[in-house]
Structures are given as C-alpha cells and as structure tokens.
Amino acid sequence: MKMKKLTALLLASLTALAMTACGGTPAAGDNAGSADNSSAESGAEGSSAEDSSPEDNDSSEESAAGEGSSEGNDGSAEGEGTEASGEAEGSEAPPAESFTTAVEGKLTMATNAAFPPYEYVEGGQIAGIDAEIAAAIAGKLGLELQIDDMEFDSITEAVKGGKADIGLAGMTITPDRQEEVDFTVSYATGVQVIIVKEDSAITSVDDLLAEGANHVVGVQRNTTGHLYTTDDIEKAGLGTIDPYSKGAEAVQALKTGKVDCVVIDNEPAKAFVNEVEGLKILDTEYITEDYAAAMSKSNPALYEAVNAALEELIADGTVQGIIDKYITAE
C-alpha cells in the first residue's frame with residue numbers, strides 16, 4: 001500500500017515537471033519572456049559591436065550625429081529654415097520683380113547732358129561718368145539703361161513724378177533737394193570753381209564777397225553754383241546772379257562780357273576753358289560738395305535696390321575706375 005502511494009506521488013511530481021518544461025505558463029508570461037530575450041539579444045549585439053572596434057563605434061556615433069543633424073536641417077528647411085533662407089535672400093539686392101520702374105525692364109536715368117565729363121553728347125550718344133555708373137547699376141539689377149536728356153531743373157520733377165527712376169547729373173545733396181527726393185550714397189566729390197577772363201580784376205573768391213563788391217555772376221540754373229551764389233552774393237547785396245540753361249551758355253556770356261565770372265563745377269570748367277580762348281580758372285575754390293543720385297521718395301523698393309548696387313560698385317572699385325577714365329589726377 002505504501003508502495004502504491006509512493007508510486008502515485010512520484011508520477012504526480014513527474015507530470016508537474018513535464019508541464020513546466022513544456023511552457024505551461026500564462027500567455028502574458030510568454031510576452032514578457034520574449035521582450036526580455038529581445039533585449040538580451042540587443043544587448044549582446046551592442047556589446048559585441050563595442051568590443052569589436054572602438055574606432056568603428058566612434059565612426060558610428062559620428063555617423064549617427066550626422067544623420068541626426070541632417071534630419072534636423074531637413075526639419076528646419078521645412079519650418080523655421082524657410083524663414084531664415086528668406087531673410088538671407090532678402091539681405092541681397094532685391095530681384096527685378098520686387099520693384100517697379102518707369103519703363104518695364106529698364107532703368108530710366110534723367111540727366112542734363114551738358115556737364116562734361118559727367119554727362120555729354122558724343123557721336124549722338126550720351127556719355128560720361130554718370131552714364132557709365134548708371135549702366136553698371138542697371139546691369140546689377142538686370143535692367144537695360146535708358147537715358148533721357150532734359151533741362152537740369154526738370155530732373156527732380158521727372159524723378160518725383162515717376163517719369164524717371166534715377167537722376168544722375170552731378171547733383172549735390174542739399175537740404176532743399178532732400179525735401180523733394182531721396183539721395184543715394186555719394187559716389188563722387190565736386191568742387192565749385194570760378195572762371196574769369198585772363199585779364200579779370202577778380203583774382204579770388206574773396207573779391208566776390210568783399211564789402212562793396214558788385215559783380216554779375218553767371219551760373220547754370222538750379223545748380224548748386226546757382227544756389228550758393230544767390231545766398232552768398234545776391235541776397236547779401238554784393239552783386240547779381242545771371243542764370244543760364246546750360247553751363248556752356250554762361251561761359252559764352254562771360255566771353256562776350258555779359259557777366260564778370262562764372263561759378264561752376266571744376267570738371268566741366270576745365271573742359272569749357274580748353275574750348276574757349278582767353279579764359280582761366282582761379283586757384284581758389286568756391287565750395288566743395290558731394291554728388292549722389294536723386295530718386296523718388298515713393299518707390300522705396302527701387303531706392304534700396306539701386307543704393308545697394310551703387311554701394312557694391314563703390315566697394316569693388318568699379319565707380320573709382322570709371323571716374324579715373326575721365327578725370328586724371330593732377
């Protein structure tokens with residue numbers, strides 16, 4: 001009897017062991033076991049990779065870092081990166097489609113082509129310093145240059161009214177003009193000088209401003225020579241200012257004795273004196289001034305584009321190279 005009970009107990013124990021070996025545990029236990037096995041296998045593989053080659057691991061980290069950066073850049077490009085890219089493009093000169101011009105596809109320059117070497121007519125074409133600078137600006141903006149020749153005192157109105165995009169005519173920045181138009185960065189320096197006959201009693205600017213003086217001074221209408229002499233001489237009761245449409249007309253008036261002297265920019269003055277015998281330029285300067293391009297206040301996009309292009313042309317030496325072609329250092 002005891003033998004039968006011992007045999008039965010032994011069989012029960014063997015059956016329990018068999019069930020455990022066959023995995024007779026709940027399904028949840030299977031899943032947990034599988035996860036643990038996967039982690040263990042991953043850990044083993046990771047250990048193997050680390051042990052196999054530290055250099056490879058560094059490369060893998062660098063590669064992983066690179067991939068992470070790449071993904072981050074991709075994400076930025078789709079989001080904030082787009083704004084950053086837009087800002088970067090915005091810092092450059094605006095493309096042609098971002099501004100308007102008086103004539104589509106063209107940069108229209110208003111000038112008075114009687115002011116050598118800045119602008120003059122040669123072979124039926126307008127040439128000179130200002131013409132070449134304007135052409136360089138137009139090239140940077142992807143535009144074709146168109147030059148409209150007009151009276152000097154019509155330039156500001158042409159720019160204000162949108163008939164011209166830019167006024168380039170040896171124009172000086174003055175407070176009165178700044179009320180009418182905007183000016184770009186200055187690109188050249190001008191000097192107002194005095195032209196007289198070789199036997200003139202006028203020997204310096206002091207003679208024009210001396211107490212009791214009473215001279216007739218020829219000028220080109222609405223130039224700074226006209227503005228300065230009107231204030232310094234006519235309003236002070238020291239003489240009379242006689243304005244002409246062109247500088248050459250004022251010089252002819254001097255030649256024929258209608259005026260006692262002419263106040264005008266140094267560069268055209270030299271050209272006029274070379275053409276007309278019996279005249280000379282006094283050694284003393286009347287005033288020194290800066291030249292800039294006049295532009296409309298109502299077209300800020302075009303102003304920014306032109307000014308940026310001009311600044312680049314000044315910085316890379318293009319403007320100075322153009323000036324040096326026409327004006328030889330003395």
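Start inside the protein: 16 residues line the largest cavity, and Phe-115, Gly-170, Gln-192, Thr-223 and Thr-224 are the ones nearest its centre. The space in this largest cavity is about 100 Å³. Keep in mind that this is a predicted model.

Who builds that lining? Two strands, strand 11 (261-265) and strand 13 (287-291), each bring at least two residues to the largest cavity. Strand 11 contributes the most, with 3 residues. Sorted by class, the lining of the largest cavity comes out at 7 nonpolar, 6 polar and 3 charged residues.

**The other hollows**

How many cavities of 30 Å³ or more does the structure hold? There are 2 of them. The second largest cavity has a volume of about 30 Å³, and its walls are made by Glu-151, Phe-152, Asp-153, Arg-221, Tyr-244 and Ser-245.

Then there are the pockets. The second largest pocket has a volume of about 160 Å³. Its lining is formed by Phe-152, Asp-153, Thr-156, Met-171, Thr-174, Asp-176, Arg-177, Asn-222 and Leu-227. If you have just been looking at the second largest cavity, Phe-152 and Asp-153 will ring a bell, as they appear in the lining of that cavity and in the lining of this pocket.

Here are the three spaces side by side:

| Space | Volume | Lining residues by class |
|---|---|---|
| Largest cavity | about 100 Å³ | 7 nonpolar, 6 polar, 3 charged |
| Second largest cavity | about 30 Å³ | 2 nonpolar, 1 polar, 3 charged |
| Second largest pocket | about 160 Å³ | 3 nonpolar, 3 polar, 3 charged |

**Two spots with unusual backbone**

Asn-222, one of the residues lining the second largest pocket, is worth a click. You'll find Asn-222 in the loop between strand 9 (215-220) and helix 9 (224-234). Its phi is near 65 degrees, a positive value in a residue that isn't glycine. Most residues other than glycine have a negative phi, and most peptide bonds are trans. Is Asn-222 buried, partly exposed or exposed? It counts as partly exposed because its relative accessibility is 31%, which falls between the 20% and 50% cut-offs.

The other spot is a pair of prolines. The peptide bond running from Pro-116 to Pro-117 is cis, and its omega is near 5 degrees. Pro-117 sits in the loop that connects strand 2 (114-115) with strand 3 (119-122).

**A serine in a loop**

Next, have a look at Ser-296, in the loop between strand 14 (294-295) and helix 12 (300-315). With a relative accessibility of 10%, Ser-296 counts as buried, because the cut-off for buried is under 20%. What does the side chain of Ser-296 make a polar contact with? Its partner is the side chain of Ser-298, at 2.8 Å. Once you set aside neighbours within four places in sequence, Ser-296 is in contact with Val-159, Lys-160 and Asp-182.

**Stepping back**

Zoom out and you have a protein with 13 helices and 14 strands. Out of its 330 residues, 36% count as buried. The accessible surface of the protein adds up to about 18,300 Å², and carbon and sulfur atoms account for 50% of that. Contacts reach a long way along the sequence, too: taking those between residues at least 6 apart, 75% join residues at least 24 apart.

Methods:
Residues numbered from 1 in each chain as written. Predicted model: local features only at pLDDT ≥ 70, side-chain atom pairs only at ≥ 80, totals over all residues. Heavy atoms only, no water. 1 Å grid on protein atoms, 1.4 Å probe; cavity = no way out; pocket = protein on both sides within 12 Å on 5 of 7 lines; lining within 4 Å. Points joined across faces, edges and corners; volume = space filled by probe spheres on them. Nonpolar A, V, L, I, M, F, W, Y, C, P; charged D, E, K, R; others polar. Helix = DSSP H or I, 4+ residues; strand = E, 2+ residues; numbered from the N terminus. Buried < 20%, exposed > 50% of the residue type's maximum accessible area, 1.4 Å probe, protein only. Contact = heavy atoms within 4.5 Å. Areas by Shrake-Rupley, 256 points an atom, 1.4 Å probe, with all protein chains shown as cover. Polar contact = N/O pair within 3.5 Å; in protein donor to acceptor, adjacent residues only side chain to side chain.
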